[in-house]
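Biologist: I should be grateful for a close look at one single part of this model, the place of one unusual backbone angle. Please then continue from there to the packing of the helices and to the cysteines.

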Amino acid sequence: MERFQHKDQERRNPVGNSYTFDSTKINLISSCGETVEFCNEYFELYAQIDEVTQECDWTVVEHIGSSTEGHPWKVDEASKLVTIQGNESDSRLTMRIVRSLVMLEDINNGKVMFKGGAFTNKDGQGIAIMGEKRSGKTSFLLGYMLRNDSQARFVTNSHVALGFENDQVYAYGYPMSVGVRLNVLEAMKKRGNDKITPIIDDLRSNLQPGGENRYYIDPDKLSQYLSGRIASKTHLDKIIIVRSVPPNSFSGIKKLNIDEVEVYLKSYYLKHLQSDGWYRLYDVDASQQINSIRDMLEQTDLYELTFNVNSSIDNINLVDQI
């Protein structure tokens with residue numbers, strides 16, 4: 001009985017926090033304390049968390065007990081307010097709306113958003129990885145990070161934004177769950193990547209598969225696997241285009257010239273501009289950023305990695321040699 005009284009009290013008394021990401025501050029106010037707690041855990045590695053403040057870019061308010069037709073949110077661009085309405089609290093929906101606002105603001109501020117990942121390698125160099133769906137981006141990134149090199153930092157594996165700070169190129173990450181396939185992880189373990197065993201055991205014991213038979217690891221859990229080695233951004237030194245090859249093929253890496261990478265990334269960018277993973281809460285002209293890709297490529301080294309999942313250790317060693 002006391003537990004139900006406590007939850008009712010949470011619903012009557014709104015609570016909230018302010019999340020300061022790299023260039024965006026968002027207030028979250030909810031009548032459900034569990035929603036705020038969930039967002040705190042989800043964002044803590046990528047944002048500074050404080051009390052609600054009047055100085056913010058957007059405010060997100062979750063109202064429980066009321067519903068709306070169509071999308072469960074309303075956006076008021078003039079007042080920078082998003083209102084979420086529903087009969088039940090949906091913590092993950094609220095988190096995605098906050099995250100989507102950050103991504104939209106980054107696009108408005110000149111960053112270029114790609115489907116891809118980013119990390120800092122054992123030598124402190126920032127690397128972004130791009131490639132088509134199921135090309136091996138996540139498998140490579142997890143395999144690399146699980147070697148536990150103290151300098152290596154995970155940044156992102158789903159969406160990465162490239163942009164300039166003080167005339168230098170940076171890769172920016174977003175808090176997102178990592179989708180992994182158990183059979184791929186098992187193949188990596190079989191080929192010598194023993195560091196991945198704890199994740200395999202954890203998935204089998206504690207998680208149910210989601211869409212496309214993938215398991216989803218939230219940022220706080222991923223941080224445990226990686227001993228806290230997660231960063232929100234990295235200076236960008238290299239871009240690697242990942243291309244999947246059959247298991248019996250040889251892995252390899254080669255340097256690319258700027259012209260072919262520019263053509264590829266512009267096409268890749270436009271192809272994935274409307275991809276899943278975040279909400280278009282309001283209209284932005286994302287295509288205007290495409291012209292800055294060339295300027296970014298001029299400051300980075302460019303490579304192609306042919307990725308064979310059965311040679312995960314070889315793939316890691318190849319990247320470490322460039």
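Modeller: The part to begin with is asparagine 166, which lies in the loop joining β10 (159-165) to β11 (168-172). The model is a predicted one. Asparagine 166 is not a glycine, yet its phi is positive, at about 50°. With a relative accessible area of 75%, this asparagine is exposed, because the cut-off for that class is over 50%.

Serine 227 also calls for a look at its backbone: its phi is positive, about 55°, although serine 227 is not a glycine. This serine is located in the loop between α7 (219-225) and β14 (233-235). Its relative accessibility of 59% means that serine 227 counts as exposed. A positive phi is found as well just after a helix, for α5 is followed by glycine 192, where phi is near 110°.

That glycine leads to α5 itself. Helix α5 covers residues 182-190 and helix α6 residues 197-206; their axes come within 10 Å and cross at roughly 150°. Because the angle is over 145 degrees, α5 and α6 are roughly antiparallel to each other. Their crossing is left-handed. On the α5 side, the contact is formed by Leu182, Leu185, Glu186 and Lys189. On the α6 side, Thr197, Ile199, Ile200, Leu203 and Arg204 take part. Sorted by class, the residues of this contact are five nonpolar, one polar and three charged.

The buried residues of α5 are Leu182, Val184, Leu185, Ala187 and Met188. They pack against several elements: α4 (137-145), β12 (178-180), α6, β13 (215-217) and α10 (312-321).

Among these partners of the buried residues of α5 are α4 and α10, and these two helices also pack against each other, with an angle of about 75° and axes 10 Å apart. Since an angle from 65 to 115 degrees counts as roughly perpendicular, that is how α4 and α10 are described. Phe140, Gly143 and Tyr144 of α4 meet Asn315, Ile316, Val319 and Asp320 of α10. The residues in this contact comprise four nonpolar, two polar and one charged.

A further helix pair is formed by α2 (residues 33-43) and α3 (residues 91-108), which pack at an angle of about 50° with their axes 9 Å apart. The two helices are therefore oblique to each other. The crossing of α2 and α3 is right-handed. From α2, the contact draws on Glu34, Thr35, Phe38, Cys39, Tyr42 and Phe43. From α3, Ser91, Arg92, Thr94, Met95, Val98 and Arg99 contribute. The residues of this contact divide into six nonpolar, three polar and three charged.

Cys39 of that contact brings up the matter of the cysteines. The structure contains zero disulfides. Cysteine 32 is in no disulfide, and the nearest cysteine sulfur, belonging to cysteine 39, is 10 Å away. Seen from cysteine 39, the closest cysteine sulfur is that of cysteine 32; the 10 Å between them is too far for a bond, because a disulfide requires sulfur atoms within 2.5 Å. The buried class is reserved for relative accessibility under 20%, so cysteine 32, at 4%, belongs to it. Cysteine 39, at 0%, likewise counts as buried.

Helix α3 holds one more residue of note, aspartate 106. This aspartate is buried, its relative accessible area being 4%. Leaving aside residues up to four places away in sequence, aspartate 106 touches Ser23, Thr24, Lys111 and Tyr174. Aspartate 106 can also be placed relative to valine 169: the two are 63 residues apart in sequence, and their C-alpha atoms are 14 Å apart in space.

To return to the starting point, asparagine 166 is exposed at 75% relative accessible area, whereas aspartate 106 is buried at 4%.

Notes: Residues numbered from 1 in each chain as written. Predicted model: local features only at pLDDT ≥ 70, side-chain atom pairs only at ≥ 80, totals over all residues. Heavy atoms only, no water. Axes fitted to C-alpha atoms, helices over the stretch in contact; angles between N-to-C directions. Helix = DSSP H or I, 4+ residues; strand = E, 2+ residues; numbered from the N terminus. Parallel < 35°, antiparallel > 145°, perpendicular 65-115°, else oblique. Left-handed = near helix turned anticlockwise from the far one by under 90°. Contact = heavy atoms within 4.5 Å. Nonpolar A, V, L, I, M, F, W, Y, C, P; charged D, E, K, R; others polar. Buried < 20%, exposed > 50% of the residue type's maximum accessible area, 1.4 Å probe, protein only.
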